[in-house]
Structures are given as structure tokens and as C-alpha cells.
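Visitor: I should like a close look at a single part of this model, namely its aromatic side chains. Please describe them in one connected account.

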Amino acid sequence: MEHLILEIGLALALVAGAGLLAGKLRISIVPILILTGMIVGPQAPHIGPLDFRFIQSASLIEFMGRLGVLFLLFSLGLEFSIKRLLTAGPSIIRSGTIYMVINLSIAIIFPLLLGWPLKEILVVAGIMTISSSAIVAKVIVDLKRAANDETEIILGLMMFQDVFVAIYFSVVSGLVLAGSTSISDIILSALMALLFIGGFLFLGHKLVPKLDRWLDIPSDESFMLVVFAILVLVAGFSETLHIAEAIGALLIGLVLAETEHSERIEHLIVSFRDFFGALFFFSFGLSIDPFALGGAVWPALIAVILTLLGNVVSGVWAGRKARLSHRASLNIGLSIISRGEFSIILATLAKSGGLLAALQPFAALYVLLLAIMGPLLTKESRWVYNRLRPLLKWPQIPERRKLRKSTGQ
């Protein structure tokens, strides 16, 4: 740990450089950060005291990245409220069902056609079905789309997917690691996820008046410490119930959004969200070995095309069922394309279970491509819409000068 501070400083310099480059290119910082992390890492050189391998600091960078995910989802939750989300409840359930039926079906059929065994099929199905909450949240924040109508559906899909993950991961991990799984464990995981999310939102809504009093803290320093303690404790507690810590952060954000202190909290956490969020995507890039990607190029490319089709079709279908415009519906499909943390976790599980070695490079290349394409396609959703409009007979959208007040459109 002799040069730990220097390594962290070097990592921050690379992250800052990525931010400046993204600003020059006028694109999302997410793909630049991921590629920057990939370029360095274990395969990078060690030049005197400058260690681009980040061996000593890897665990610390990863931890700060995990905090970044919490701040991203917490910040997104603050843009909403429990009332607003519950109002969209029926649409969320309908949209989530549509999304899962289409995308899980594609994700099962694809490896089946490749002739892969059952365990590998189940792992690939999970890799290809679950969106990256961190990347989706970052893109929505960066593009200032939190106020858009479709964002309610996107947020709901994130929670719907997390309930699915709680069930699916228990099944797959049981089969891969133990060779079997218990039906009672699956049912318990599903009930725990549903009860935690539903119960937390219900109790949080009831406790809003008390939260207003408890958070009436004059000192900004004490106020910040209390808010951060609540955030990390709730996220950590959700993790103990096998529910993604990011969903716990989103839930506490939804609750605190109903308090009279929401604007103060939002103003307070912006800098932390951007700082730690950038470290998450850099850390994500560090976890990908670019020299191990070659053997999985064609399966990964085909999987990417299938995912793009599945997400756009399910997003547009779900959005139209919720009576959103064609443009807003397309935004749903494009926003949820990115894959990330859960896909990497499943690939690691496959390695621990001794499954096909091709799964690791497949997952890494697949995630990398979608993590880059997702933010870019979401940002250029207007261009994508105009390319699809003549083919699908969608209505023409107004000129930009008529959309000045619609920042996300």
C-alpha cells in the first residue's frame, strides 16, 4: 500500500481526462470512462511509481464505484415521489411483463440455437435480459429526462427487473453452484423482494411527516451525515435480503422526495453523484480484459443485435400501451438497452461453476458494446426516430424550436 494515494490520484486524473474528452466530443461520458478503464488495468505498464495496473487500489476504486451506483439511483429517486410512481403502477406491471416475455424469450432461444447446455442457457438468458440500473440512471440524469413521462415506466422497469433478479439469481446460482435449487427458496426470494419494496414504500409514505421533523437540522454538515447514513444503511439492508443495493437507494430517494427537504438533499448530493458515479464506470472498465474478447465476437454481436431489437420492440409496445407518444415509447426501448453489473456477476458465477469458458469473453464483449451503444443511442433518440419513422409510419415530430420547454425530447 506504499503508493495507494498516488494510484488513486492517477485514476482520478484518467477519469478527469475522460470527462474532458467526452465534453470535447459532446457525447456521454459513460462509454469514454469504460474504455479508459479497459485500456489500463492488469495488462497496462508499470512505469516507475506510476502503476497503471491499479493492483493496490482496485478494491478501493471498486468500493467508491459502488457508492457511485447508490448516489445515481438515490438522485434519480429524488426526482420522483411515491405518489407519482404508484400512479403509474398498472402501467409498470404491464410494461414489465411485456419486457420480460419478449426479452427473456429471445435470451433463451439464442443460446439454445447455439447448442449450449442448459446451465449455460440460463446464465446467458440472465446476461441478456437485465438492464444496467447504473448506466440507465446516469443517462437519464445527463440528458435531463427525469421529468419526462416515459421515465416513470423506465424506473418501474428497473424495480420490476430487480424482483425478477431476486428470483432468477436464486434459481441459476442453485443450479450452477449446487446442482439443484429449492422451490421454497425461490418463493421466499420472490416474496422477500416484493414485501421489501412494497412495505418500504408504504411505510415511507406514512413516515413523511416525521421525516420532515427529524431532518429539520440547521447544520449542513450534520444534515449531510444523517442523509448519507440513511442512504447507505437502507442500501446495505436491502443487500442482506438479496435485493440489489441500488434498488434500496432508489427506494429511499423516492421516500425522501416527498419530504420538504428534497431540494436541499438534491442540491447536496449532486457533486457526490457525479464524482463517485464516474469512478463506477471507470471501475467497470477495469474489470474487462480486452485481450480475452476475441473468441466471442460473433456470438456477442448477434446477441447485441437481438437485444437491440427486443428492447426497442418491448419498449415501444409498453409505451404505447401506457398511451405515451411514439417518441416517448422509443425512448423507453433505447434507454434500457445498456447491460452491466448483473451480467458481469452472472459471468463470474459461470466461471465459479466451471461452465463453458466462452461465457466470460462473451459477457464482457456483449456488456461493453451495449454499455457504449446504450447511452449513444439514447442521446441520439431523435435521429433514431427519424430513421424508423418512414418504415413504421410514425408521425413526424415538431421542429426543435417548438420543443424548447421539453428538455428531454
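Guide: At 52% relative accessibility, Phe 202 counts as exposed, because the threshold for that class is over 50%. The model is a predicted one. Phe 202 lies in helix H9, which spans residues 183-206. Together with Leu 203, Leu 207 and Trp 214, Phe 202 makes up a nonpolar surface patch whose combined accessible area is about 450 Å².

Turning to ring contacts, the whole structure contains 13 aromatic pairs. One of them joins Phe 272 and Phe 276, whose rings are stacked, with 6.5 Å from centre to centre and 5 degrees between the planes. These two residues are four positions apart in helix H13 (residues 262-286), so about one helical turn separates Phe 272 from Phe 276. Phe 276 also pairs with Phe 275: the ring centres are 5.0 Å apart and the planes meet at 80 degrees, which means that the arrangement is edge-to-face, since planes over 60 degrees apart fall in that class.

The accessibilities of these three residues can be set side by side. Phe 276 is buried, with a relative accessibility of 14%. Phe 272 is partly exposed at 27%, and Phe 275 is partly exposed at 38%. Phe 272, Phe 275 and Phe 276 belong to one aromatic cluster, which also includes Phe 71 and Phe 228.

A further aromatic ring has a charged partner. The charged end of Arg 264 is placed over the ring of Phe 223, at 3.9 Å from the ring centre.

Definitions and conventions:
Residues are numbered from 1 along each chain as its sequence is written. This is a predicted model: local features need pLDDT of at least 70, side-chain atom pairs count only at pLDDT 80 or more; totals for chains, interfaces and linings use all residues. Side-chain values use heavy atoms; hydrogens and water are left out. Patches are made of residues with over 30% relative accessible area and no salt bridge: like charges are joined within 9 Å, nonpolar side chains (Val, Leu, Ile, Met, Phe, Trp, Tyr) within 5 Å. Accessible areas come from the Shrake-Rupley method with a 1.4 Å probe; for residues, only the protein chains shown count as cover. A salt bridge is a side-chain nitrogen of Lys or Arg within 4 Å of a carboxyl oxygen of Asp or Glu. Buried means under 20% relative accessible area, exposed over 50%, partly exposed in between (1.4 Å probe, protein chains only). Rings of Phe, Tyr and Trp (its six-membered ring) pair if their centres lie within 6.5 Å; planes under 30 degrees apart count as stacked, over 60 as edge-to-face and the rest as tilted. A charge sits over a ring if NZ of Lys or CZ of Arg is within 6 Å of the ring centre and within 35 degrees of the ring normal.
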